[in-house]
Amino acid sequence: MSGTNSARLIRQSVQALKAYVPGEQPQGAGWIKLNTNENWFVSPTVLAAVASAATNDLRRYPDPVCTDLRTRLSARYGVDLKRIICGNGSDELLTMLIRAIAGEGDRIAFTEPSYSLYETLAQIQNAAPVAVPLGEGWQLPVDELVAVNAPLTFITTPHAPSGTAYPISDLEAIASGCTGVVVFDEAYVDFGGDTALSLLDRYPNVVVLRTMSKAFGLAGLRLGYAFGSEEVIDALYRVKDSYNVDHLTQVAGCAALDAWDEYARVNRETSVRRDRVASELQRRFGWKVWPSATNFILVEIEHDDATEIVSRLKREQILVRYFARPRLDRSIRMSVGSDAEMDRLLDALDRVVG
Ligand SMILES: Cc1ncc(COP(=O)(O)O)c(C=O)c1O
């Protein structure tokens, strides 16, 4: 299609859009994939539940409001059923939040850096993204965010891609200082850091967003959930697609919550492994390793070329994440995989660094 035609067919804001670029998906076998913070573990009981739900019943539409799953979430987190909504990944919930809250030209605030999809989604909506820089050590710019007081603010906590944990006092200061909706995106909170769940009852503008992609190892099925006031959650139900979470995903989500203790044990092991690998990276290569409360590690490399290390690792079939963005262009982010994967990563780094 020619440029002239597309000018007439596509909204101008979409023509100008720089689409979100997900982490590379390797083709073929033998790869160690440490570029999108997936879990290295899935509970066998979840796999069994999904397998036994793959029956003739799949001809029926799924429950549009995920009743069984929300009932379990309500019991687990102590939040009323009417204040919970599930989505096709937390990415879909981010879309719904923007659809419901931010109109054309409305400000949507987030920190820079943070999850770059926030900005892309804001642009899709023709809203006005406001990127507020984090402090030198990735501290939350609380006063600046409150000063912006956007109709919608996204806070990644613990932070990605740095891994920094934020104290609940900072989270509360933003929730209480802003009159708009404040979304605490807690994709990584099961690996460490404070949760904003305790703010829900006091601040009707607070939304807490969770995903099963990280702590529950279900990135391939797409399941996220949000907690908020009845008013905000009701607005999300109005704008959501009818059958946004498929049946097998709802079954997997229920089974994952039933396997809570098993996941908690595995994720504690992952956090211990993260700290071991972080000290090794510091000791072997002298890199700056940011303290992490997540299942990934961000390192800053002063004396070597980060992009060269990423390419050499790729030649060894190991994928890690590089961000060609201000403040991150000398850094590499690595997910914490299994013990064997981390040993292979450290061995490969011994070969490729320097
Ligand atoms: C901070 C943050 N929020 C949300 C997501 C999206 O999660 P989901 O897989 O549930 O869409 C990610 C995924 O990487 C993330 O890093």
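## A residue with many neighbours

Let's start at one spot inside this predicted model. Leaving aside residues up to four places away in sequence, Leu140 touches Thr111, Leu134, Leu145, Ile155, Tyr166, Asp170, Leu171 and Ile174. Try finding Leu140 in the structure and picking out these partners around it, including Tyr166 and Asp170.

## Two nonpolar cores

Leu140 also belongs to a wider group. The largest nonpolar core has 59 residues, and those touching the most other members are Leu140, Phe184, Phe216 and Phe227. Which helix gives the most to this core? That is helix α10, covering residues 247–258, with six residues. Because domain 1 (20–42 + 261–352) and domain 2 (44–258) both give residues to the core, it lies between them.

There is a second core, separate from this one, with 27 residues. Among its members are Leu34, Ile297, Ala306 and Ala348. As a general background idea, nonpolar side chains in soluble globular proteins tend to be buried together.

## Two domains and their contact

Now let's look at the two domains themselves. The domain assignment gives domain 1 two stretches of the chain, 20–42 and 261–352, while domain 2 runs over 44–258. Their C-alpha centres are 25 Å apart. On the domain 1 side, 26 residues take part in the contact, and on the domain 2 side, 37 residues do.

How much area do domain 1 and domain 2 bury between them? The value is about 2500 Å², with 56% of it on carbon and sulfur atoms. Three residues of domain 1 deserve a look here: Tyr20, Val42 and Arg327 supply 27% of the area that domain 1 buries against domain 2, more than any other three residues.

## The chain as a whole

Stepping back, the chain has 13 helices and 12 strands. Its C-alpha trace spans about 55 × 55 × 50 Å along the principal axes. A compact globule of 354 residues would have a radius of gyration near 20 Å, so the 21 Å of this chain agrees with that.

What share of the 354 residues is buried? Buried residues make up 51% of them. The accessible surface of the chain is about 15900 Å², and carbon and sulfur atoms account for 51% of that surface.

Finally, consider how the chain contacts itself. Taking contacts between residues at least 6 apart in sequence, 72% join residues at least 24 apart.

Note on methods:
Residues numbered from 1 in each chain as written. Predicted model: local features only at pLDDT ≥ 70, side-chain atom pairs only at ≥ 80, totals over all residues. Heavy atoms only, no water. Core = buried A, V, L, I, M, F, W, Y, C linked by side-chain atoms within 4.5 Å. Buried < 20%, exposed > 50% of the residue type's maximum accessible area, 1.4 Å probe, protein only. Helix = DSSP H or I, 4+ residues; strand = E, 2+ residues; numbered from the N terminus. Domains from an automatic or database assignment. Contact = heavy atoms within 4.5 Å. Rg over C-alpha atoms; globule rule 2.2 N^0.38 Å. Areas by Shrake-Rupley, 256 points an atom, 1.4 Å probe, with all protein chains shown as cover. Buried area = accessible area lost by both parts, 1.4 Å probe.
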